[in-house]
Amino acid sequence: MSAGKSRVILPGATIGVLGSGQLGRMFALSARRMGYRVHTFSPGDDTPMGQVADREAVGDYNDLSAVAEFAARVDAVTFEFENVPFEAAAAAAEHAPVRPGGRVLHIAQHRQREKDFLASAGFPTAPFEHVPDRAALDGAISRLGTPCVLKTAGFGYDGKGQFVIKSPTQADAAWQSIGAGEAVLEGFVDFDCEISVVAARGSDGEFAHFGVTENRHRDHILDVSIPDPDLDPAIIGSAIEMAHGVLDALEVVGVLCVEFFLGADGTLRINELAPRPHNSGHFSFDACVTSQFEQQLRAVCSLPLGDTRRLRPSAMVNLLGDLWADGLPDWQVALQDRALKLHLYGKADARPGRKMGHMTVFADDGEQAAARAIAARGRLIARHQRS
Ligand code: AMP
């Protein structure tokens, strides 16, 4: 069975999710609200999604018979984590429609394939070179110049598996640092800001987007997202148009996020694709008529896509494990901001850099909301600094 124009999957049906992190958790909460059952498959137990799912199947993604058995018990399969082996998506597709389809996963989980797809379809990216082995690196550095960024071809996220090369003498250090495996070298983009468009495409080609969000990173990890930044409407229109083009070209059925670098001269370049709901769309859970998670469900189930209008201006800040360094954050103090929505993902182990939760704050405009959200997060740790 394959994805395509297919029957509507109605409430009461069971949706299987490959992956079990916070994206799956928020998907499950949305799906259960609409009367669906949700199953998750991943190597972990007591996972963020497993805690709120109807069934938590524990298995290895490479155990294709376990994946097939999982898929046989659900009405459709989607994923919340793109680094699921392509073969697992193919094994699942023998038993249930997999949306988005395995081709999207195959392209988005490998930087070289992703870049090749974007370039061949005419989308702008940073200049790049394929670096299959160490020998290819020196030539690539001399052609792209420094600074440039060496990235692992597969299984990288949040800046993991990346090295900024400032001089050709760093080639060896960079190669070792990313694990001495197949890589992509990118020219360094001197961007003004990073933006993203989270969008959905239904099985009939219907398209809906969540507008443009500005994303501010810290140590390569998303820190703050502000929907609807004050940018030239032509830039916003062009980012949304490109996102539409990407979803159409990949024939996505589901949600996909396109991340862009925006140059000072207004030039947009696509940095990455994430074929699932995205951290920069978390604001939609509280601030939109339809969230990105419900939208994924609607697309996967061939239901009409929901209205993405904002209920109020908002901003989102991530809560990383670092906040737990001196003990439990002071939730009560943060919640004194009555227009703040706290999301915690049920993760027991608060390691530095680990996404433990987020907060969405409302205000009269996005910048004000961001300032309030950052202030509220500051108060979470203020208690520890005082003591
Ligand atoms: P990525 O995992 O590829 O999204 O990279 C994580 C972050 O590293 C991005 O959000 C940027 O802030 C930075 N970065 C990645 N690639 C480049 C590049 N080619 N030029 C400049 N900064 C980059």
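How far apart do the C-alpha centres of domain 2 and domain 3 lie? In this predicted model, the answer is 28 Å. To see this, colour the protein by its divisions: domain 1 covers 3-98, domain 2 covers 127-187, and domain 3 covers 191-386.

**The contact between domain 2 and domain 3**

Select domain 2 and domain 3 together and display the place where they touch. Domain 2 supplies 6 residues to the contact, and domain 3 supplies 5. The size of an interface is often expressed as the accessible area that is lost when its parts come together. Here, domain 2 and domain 3 bury about 440 Å² between them. Carbon and sulfur atoms account for 38% of that area.

**The ligand and its surroundings**

Next, select the ligand and show the residues within 4 Å of it. There are 16 residues around the ligand, and those that come nearest are Lys151, Gln162, Val189, Glu194 and His220. By character, the shell consists of 5 nonpolar, 6 polar and 5 charged residues. Domain 2 and domain 3 each contribute at least three residues to this shell.

Now inspect individual atoms of the ligand. Begin with glutamate 194: one of its polar side-chain atoms is 2.5 Å from an oxygen atom of the ligand. Proceed to valine 189, where a backbone N or O atom lies 2.8 Å from a ligand nitrogen atom. At glycine 187, a polar backbone atom is found 3.0 Å from a nitrogen atom of the ligand. Switching to a surface display shows the cover around the ligand: taken alone, the ligand exposes 480 Å², of which the protein buries 94%. To trace which elements form the shell, highlight strand 6 (148-152), strand 8 (183-187), strand 9 (191-201) and strand 13 (268-274); each gives two or more residues to it.

**Histidine 220**

Return to His220, one of the residues that come nearest to the ligand. Histidine 220 sits in the loop that joins strand 10 (207-218) and strand 11 (221-227). What is the sign of its phi, positive or negative? Phi is positive, at about 70 degrees, although histidine 220 is not a glycine.

**Two cis peptide bonds**

For the last stops, select two prolines. Proline 100 belongs to the loop between helix 3 (86-93) and helix 4 (102-108). The peptide bond leading to proline 100 from arginine 99 is cis, and its omega is near -5 degrees. Proline 147 is located in the loop between helix 6 (134-144) and strand 6. The bond from threonine 146 to proline 147 is cis, with omega near -5 degrees.

Terms used. Residues numbered from 1 in each chain as written. Predicted model: local features only at pLDDT ≥ 70, side-chain atom pairs only at ≥ 80, totals over all residues. Heavy atoms only, no water. Polar contact = N/O pair within 3.5 Å; in protein donor to acceptor, adjacent residues only side chain to side chain. Areas by Shrake-Rupley, 256 points an atom, 1.4 Å probe, with all protein chains shown as cover. Helix = DSSP H or I, 4+ residues; strand = E, 2+ residues; numbered from the N terminus. Nonpolar A, V, L, I, M, F, W, Y, C, P; charged D, E, K, R; others polar. Domains from an automatic or database assignment. Contact = heavy atoms within 4.5 Å. Buried area = accessible area lost by both parts, 1.4 Å probe.
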